[in-house]
Amino acid sequence: KQTINFGVDLGAMARFRWVQLGIVGRNLNSPKFEGPEVTNVNGSITKFQDVKVKPQAQAGIAFIPFETVTLEVDYDLTKNETLLGGYETQYLRAGVEWDIFRFLALRGGVYNNMAEDDIGLVYTAGVGLNLWAVRFDVSGAMSSKTARYDGKEYPREAHVVAGLSIDF
């Protein structure tokens with residue numbers, strides 16, 4: 001079933017010469033999405049629960065000691081429910097970006113879910129190419145904790161993301 005609603009977000013940012021501070025609240029109106037009714041094979045109807053998205057808040061600080069270097073830390077001020085019942089997230093993140101010659105950005109960082117201890121520390125790295133109005137970014141992440149599958153060890157969390165953006 002498709003259901004439509006809207007979320008109200010509000011953010012504020014203060015910019016100073018070497019420091020930027022930000023805070024954001026998401027889904028401040030607690031939007032609700034109706035759960036579907038499904039007709040089973042035997043003709044009975046199962047009604048799934050509605051999903052209500054609780055408000056979330058996050059704050060961050062960026063320190064810019066040089067024009068091409070940014071150090072940042074941000075933290076989820078709220079524990080956030082997920083669609084996985086009983087699993088919450090509350091991330092603490094830190095990172096650095098070095099913008100070499102204004103066209104090549106090298107990034108590294110780390111994050112941890114403070115609400116759960118299943119994935120451990122997650123290490124991140126990325127690179128961005130800024131070619132005037134076109135920007136191409138590639139990043140990846142890998143957790144410190146592993147899981148065994150088919151006799152081999154794999155990170156509990158790993159992902160790669162690529163993006164292309166065009167300014168006009």
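A residue counts as buried when its relative accessible area is under 20%, as exposed when that area is over 50%, and as partly exposed in between. Keep that scale in mind for the tour below, and remember that what you're looking at is a predicted model.

Let's try the scale on Trp18. Its relative accessible area is 48%, so Trp18 ends up in the partly exposed class. You'll find Trp18 in the loop between strand 1 and strand 2. Setting aside residues within four places in sequence, Trp18 is in contact with Ala62, Phe63, Ile64 and Pro65. Thr89 is another matter: it sits 71 residues from Trp18 along the chain, and the C-alpha atoms of the two are separated by 30 Å.

Now for the strands on either side of that loop. Strand 1 and strand 2 make a hairpin, with three residues between them. Their pairing is antiparallel and runs over six bridges, with strand 2 covering residues 19-26. If you want a spot to check the register, look at Met13, which stands opposite Gly22 in strand 2. Strand 1 itself is hardly covered: of its six residues, the count that are buried is zero.

Zoom out and the hairpin turns out to belong to an open sheet of nine strands, paired antiparallel in the order 1-2-7-8-11-12-13-14-17. Strand 1 (10-15) and strand 17 (158-166) are the edges, and each has a single partner strand, so one side of each is left without a neighbour in the sheet. On average, neighbouring strands in this sheet are turned by 15° against each other, direction ignored.

Further along that order come strand 13 (residues 122-131) and strand 14 (residues 134-143), which pair in the antiparallel sense over ten bridges. Here, Thr124 is the residue that stands opposite Ala141 in strand 14.

Ala141 also leads us to the last stop, since Ala141 is among the residues touched by Glu157. Glu157 is located in the loop between strand 16 (152-155) and strand 17. What is the nearest side chain of opposite charge to this buried residue, Glu157? That would be Arg93, but Arg93 is 9.2 Å away, and Glu157 has no salt bridge. What Glu157 does have is a polar contact of 2.2 Å, side chain to side chain, with Tyr111. Leaving out residues up to four places away in sequence, Glu157 touches Tyr111, Ile119, Val122, Ala141, Met142 and Ser143.

Conventions: Residues are numbered from 1 along each chain as its sequence is written. This is a predicted model: local features need pLDDT of at least 70, side-chain atom pairs count only at pLDDT 80 or more; totals for chains, interfaces and linings use all residues. Side-chain values use heavy atoms; hydrogens and water are left out. Two strands pair if DSSP finds at least two bridges between them. Helices (H or I, at least four residues) and strands (E, at least two) are DSSP runs, numbered from the N terminus. Axes are lines fitted to C-alpha atoms, for helices over the stretch in contact, and angles run from 0 to 180 degrees between N-to-C directions. Buried means under 20% relative accessible area, exposed over 50%, partly exposed in between (1.4 Å probe, protein chains only). Lys and Arg count as positive and Asp and Glu as negative; His and the chain ends are not counted. A salt bridge is a side-chain nitrogen of Lys or Arg within 4 Å of a carboxyl oxygen of Asp or Glu. A polar contact is a pair of N or O atoms within 3.5 Å; within protein, one must be able to donate a hydrogen and the other to accept it, and residues adjacent in sequence count only if both atoms are side-chain atoms. Contact means heavy atoms within 4.5 Å.
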